[in-house]
Structures are given as structure tokens and as C-alpha cells.
Amino acid sequence: MFTLRRLQKICQNPGKLGDFKKGVEMTTYKPLRVQSYPKLGEKVTQDTIYWKNYKTAVQIKEFGAVTKIDFSPLSPYNYAVTASTRIHVYGQYSQEPIKTFSRFKVPAYCGTYRDDGKLLVSGCEDGVVRLFDIDGKGILRQLSGHTKAVHLTDFTSDKYRILSGSDDYTTRLWDIANSTQLLSYSEHTDYVRCGTTSKLNPDLFVTGSYDHTIKVFDARTDSSVMTMDHGQPVESVLLFPSGGLLVSAGGRYVKVWDMLKGGQELVSLRNHHKTVTSLCLSSSGHRLLSGSLDRHVKVYSTTTYKVVHSFDYAASILSLALAPEDKVIVVGMTNGVLNVRHKKQAEDKVEAASKKRRRPAYRFFVKGKDYMPKQDDLLVSKPVKTHLKKYDRQLKSFEVSEALNTVLQPHIRVKSPEVTVAVMQELNRRGTLKSALAGRDEKNLTMLLSFLIRHIADPRFAPVLVNVADMILDIYILVAGQSAVIDKQFVKLQELIEKEIDYQEELVEVLGMMDTLFATMTAKKEAAAPERKPNGPVDGQEPSVTMETA
């Protein structure tokens with residue numbers, strides 16, 4: 001730090017002025033340290049990165065509420081969408097259906113693919129089960145027997161039988177080749193709305209009903225072999241590929257059952273605040289997804305059963321499906337909109353080939369390609385040049401007004417207000433803040449007041465900005481009334497500060513009431529506690545023996 005006397009001597013000797021400037025430039029300038037504040041929001045985990053790696057959603061409008069989405073098990077992994085009186089088949093990247101099944105006069109339900117992707121089965125409001133050929137146009141089979149709407153259809157793992165469940169409380173098994181009914185179960189006492197078949201055992205299947213029960217059937221027996229009580233009307237059931245765990249959804253609950261322990265309930269999840277309507281598994285089986293009428297899709301870990309991610313949608317969710325390898329997530333909603341999100345393509349890992357090959361360094365030719373560094377060799381590294389930001393360069397050159405103008409630009413004051421406040425704090429520390437604030441025209445002063453109005457009530461910035469506002473009032477109070485825009489901002493700033501003061505006073509009053517309440521409760525507890533003698537038990541009680549551990 002140069003004293004005033006030395007500065008006067010330098011000014012008297014112009015020849016030394018260049019040496020003075022050179023000395024100032026050679027001094028090391030430390031860049032402005034911007035204080036980092038904790039940001040509110042969800043914790044970034046591997047699941048967050050994985051499930052956020054989807055492109056902007058594609059919206060497809062259907063003819064009615066989308067009640068079922070099912071992906072073909074074979075490439076190119078088309079998916080069937082059941083909505084109103086149609087079943088549309090979409091390609092992964094097509095926004096128009098590549099095939100449509102419209103042989104329905106009443107709403108269709110539960111369009112489901114067979115494991116080979118060649119057949120599609122669906123239920124209907126008239127109680128008829130229809131079987132379609134994916135490559136054809138007509139109906140292969142019509143299976144009649146139900147007297148009410150069929151909301152459950154699926155193929156058994158042997159590919160030759162069809163499972164159906166209806167609002168007539170029955171569950172039926174059909175033979176595809178002969179179009180005949182093989183079995184019928186009438187154990188449910190309410191609508192049968194969901195079910196699934198085992199991928200390992202062709203005779204095993206599960207149904208869920210509005211009578212709150214989940215029943216496991218074996219086609220080789222005349223009755224169910226296992227019954228679980230969900231406690232709410234069951235909307236969806238899902239069997240893990242191993243067959244050992246069963247997941248049911250109904251009401252606000254998602255429950256996991258252990259099939260190997262006779263249907264014992266393992267965990268009950270209550271992360272939605274409205275009815276859960278659909279379930280699906282990720283391709284690896286490590287994540288469970290649930291969709292609900294609360295417009296959210298929750299992603300659970302299948303090891304801890306904790307929510308690891310969540311998706312938000314514009315309307316209540318009725319159906320949910322994931323493509324193989326989680327490349328596409330499709331959600332159907334009550335407003336007839338099909339929401340499709342595609343996973344972003346991974347960048348090419350081999351980047352070295354695309355980049356220009358670097359030529360060998362000069363020392364490679366001098367030393368030779370077989371040169372090995374010796375133990376006593378010293379490596380002389382180049383000093384790292386620090387690149388200062390614009391406001392740092394201006395602060396280094398003592399251009400205080402320009403530094404403040406730089407951090408008041410929209411891309412800094414809006415996205416990084418902490419940088420603007422840090423520069424103001426540094427100017428205040430140097431004692432040049434008042435000089436930087438003075439001499440501003442209407443446009444710059446408006447920008448500065450807008451920043452104060454937006455952030456002066458923020459607890460992180462209030463200590464600095466209150467001082468800035470005080471200086472601005474001292475400087476520009478004499479020119480008040482000359483600009484209607486500036487006067488309006490001053491009034492708004494005053495109202496904001498008064499409102500904040502009233503809010504702080506209310507908080508202090510609440511804090512005082514809480515302190516009084518806690519003090520009263522503590523006094524009551526102390527008065528209620530029995531008095532003990534210095535070396536004896538409480539009057540009227542036997543002495544108790546306590547063991548203390550040193």
C-alpha cells in the first residue's frame with residue numbers, strides 16, 4: 001500500500017510514473033471470492049441423472065382416456081394404445097399410428113401383446129374377448145361368455161390360452177385353437193379389473209378385484225391357491241419375472257407380497273395422495289414405477305423400496321409402460337393425451353478418432369522416442385495464467401462504476417445475483433461503493449432499484465443490500481420527483497421494506513409466545529416431578545436399585 005507522500009513524490013517525478021504503473025500491474029491480484037449459498041432442491045443421485053436423461057415429451061392426442069399401453073416384446077418394440085373404441089399401434093418414433101384396430105362399437109380395454117408379438121388380445125364393454133393378428137386386419141377369434149365388461153386380458157406363457165376377467169365377478173381361461181372356455185372361477189365378489197400371468201408357470205395367474213382381494217389361481221385346481229387382502233379396491237397387479245414377489249396397487253397404497261412365504265406382506269408404500277392406477281418394472285427389474293391420479297409417476301428402488309425419482313404430468317394418469325432397455329416411457333392420461341418420452345442417445349465413446357491427431361512434441365525429436373526420464377531430472381512447468389473475469393479486471397484497474405455496471409447486466413443479476421452482491425460488498429469494503437452508485441442516469445438507476453426490490457428481502461443478501469439502499473437514498477434524495485419511473489420504484493421499495501419489517505415483528509411476537517409456552521410447560525413438569533431426599537427414596541416408595549456403567 002502506497003502512502004500519500006510517496007504518491008506525491010511519484011507525481012512530482014513523471015519519469016517514475018511508468019515504474020509505478022508497472023509495479024501495480026506486477027502485484028498479484030486475487031480474484032473476487034463469490035460466496036456460495038446452498039441451493040434448495042432434490043439431491044442429485046445416479047437415479048436422478050438416469051431418469052432425467054429423456055428428451056422433451058411428445059404429446060399425442062387420442063380419442064378418449066388412455067386405459068392401457070403395452071409394448072411388443074420383439075423389435076422394433078411397437079406399442080399398442082387402448083383408448084375409447086380403438087387400439088392404435090405406434091412405432092417408437094412415430095407420432096401417427098402405423099396400424100389401427102377399430103372393430104369395436106363400444107369402448108375397448110386392455111390391448112395386450114403375446115410373447116411372440118404376433119397376436120393381440122383385448123376386452124370390451126360388451127363382454128366379448130377379441131383376438132387380432134398383428135399383420136392382418138380382421139378378427140381371428142371372438143370369445144363370448146362374460147355378461148359384463150372385460151377389463152382384464154392376457155396370454156399364458158405357453159401362448160395357447162387366454163386369461164380374462166370381467167365385471168361379472170368371474171375369471172375365465174380360454175383355449176385359442178378351439179375358441180372354447182376351459183375354466184371359470186367365481187370367487188371374487190366384485191369387479192375383476194386387473195391381473196397377470198406367470199412367465200415361468202403357464203398354469204399360474206393372479207387376479208385383483210374391487211373386493212379388496214388378490215387371488216392366485218392354478219389352472220390344475222378348482223379354486224384359488226392363495227388370497228391376499230390389499231385393503232383397497234385393487235387397480236393393478238404386477239408379478240416379478242422370478243415369480244417370487246407380487247406387487248399390488250389400489251387406493252393410495254402400493255404393496256409388495258412374498259409369494260414364497262404364502263403371500264406375506266413385505267412392505268406397504270404410501271407415496272401417492274390419490275389412487276394408484278398402474279404399475280410397471282424397469283428393464284433391469286431394479287426399479288418399480290407407479291402412476292397415479294395425482295399426476296405423478298414414482299420410481300422406487302426394489303431393494304430399499306424408497307422413492308428415487310418422480311415425474312410430473314399435466315393430468316391424472318391411467319396407464320404406464322416402459323420400453324425394453326428403458327428407451328421410451330409412455331404415459332396415458334384421463335384427458336386423452338399420450339405422453340411419450342424418448343431416452344437421449346448416448347454420445348459416441350470413441351472420440352479420439354474424430355479429433356485431429358496431435359503432432360509429437362519438440363522434445364520427442366530431441367530426446368528420442370526411447371528416452372526415459374531419470375530420477376534426478378527436474379520438471380520445469382510453465383506458470384499457470386489466471387484468466388480474470390470482466391468485473392475482476394475492472395476491479396483490478398479501479399474502475400468501480402464499470403465493475404458495478406457489468407454485474408448489473410441481465411445475464412448476471414438474474415442468474416447469479418450472488419455475484420452482483422459480492423461485487424457490492426467488495427466495493428463497500430474498499431470504501432468506493434458510494435462513488436460507484438453516484439452519477440447514474442435513469443436507465444441504470446432503474447436497473448439498480450429493480451435488483452434491490454427483487455432481492456432486498458432475501459436473508460442471504462439483506463445485510464449488504466440494505467446498506468446499498470441507504471446509500472442510494474442519500475445520493476438521489478435531492479433529485480426525487482424528476483422521474484415518475486424512479487419515484488414509483490422508490491415507493492415500491494418502501495412498501496416492500498415496511499412489509500418485511502411487519503413480517504419480522506410478527507415473527508418476534510410468535511417467538512415470544514413460544515418461549516412463554518415452553519417456559520410454562522417446563523415449570524409444570526418440574527412441579528409435577530416428586531421431590532427426592534438427598535440420600536434416600538421418595539416418601540412412601542421402596543428404594544430402587546439402579547446399575548450404572550462406568
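Here are three short exercises, with worked solutions, on a predicted model.

**Exercise 1. Find which residues touch the most other members of the largest nonpolar core, and which helices supply this core.**

Step 1: Start with the core itself, which has 39 residues; Met-424 and Ile-472 touch the most other members.

Step 2: Now look at the helices. At least two residues of this core come from each of several helices, among them helix 8 (417-430), helix 10 (442-455), helix 11 (462-476) and helix 12 (484-528).

Step 3: Zoom in on Ile-472. Beyond its neighbours within four places in sequence, Ile-472 contacts residues including Leu-437, Leu-445, Leu-452 and Phe-490.

Step 4: Finally, move to a second, separate core, where 16 residues include Leu-289, Leu-320, Val-331 and Met-333.

**Exercise 2. Work out which parts of the chain the salt bridge between Arg-287 and Asp-47 links.**

Step 1: Check the pair: the closest N and O atoms of Arg-287 and Asp-47 are 2.7 Å apart.

Step 2: Place each partner. Arg-287 lies in strand 23 (residues 287-292) and Asp-47 in helix 3 (residues 46-51), so this pair links distant parts of the chain, 240 residues apart.

Step 3: Classify Asp-47. Buried means under 20% relative accessible area, and Asp-47 has 14%, so Asp-47 counts as buried.

**Exercise 3. Decide whether Arg-220 and Asp-218 are buried or exposed.**

Step 1: These two form a salt bridge, with their closest N and O atoms 2.9 Å apart.

Step 2: Arg-220 has 58% relative accessibility, and exposed means over 50%, so Arg-220 is exposed.

Step 3: Asp-218, at 12%, is buried.

Notes. Residues are numbered from 1 along each chain as its sequence is written. This is a predicted model: local features need pLDDT of at least 70, side-chain atom pairs count only at pLDDT 80 or more; totals for chains, interfaces and linings use all residues. Side-chain values use heavy atoms; hydrogens and water are left out. A nonpolar core is a set of buried Ala, Val, Leu, Ile, Met, Phe, Trp, Tyr and Cys residues joined through side-chain atoms within 4.5 Å. Buried means under 20% relative accessible area, exposed over 50%, partly exposed in between (1.4 Å probe, protein chains only). Helices (H or I, at least four residues) and strands (E, at least two) are DSSP runs, numbered from the N terminus. Contact means heavy atoms within 4.5 Å. A salt bridge is a side-chain nitrogen of Lys or Arg within 4 Å of a carboxyl oxygen of Asp or Glu.
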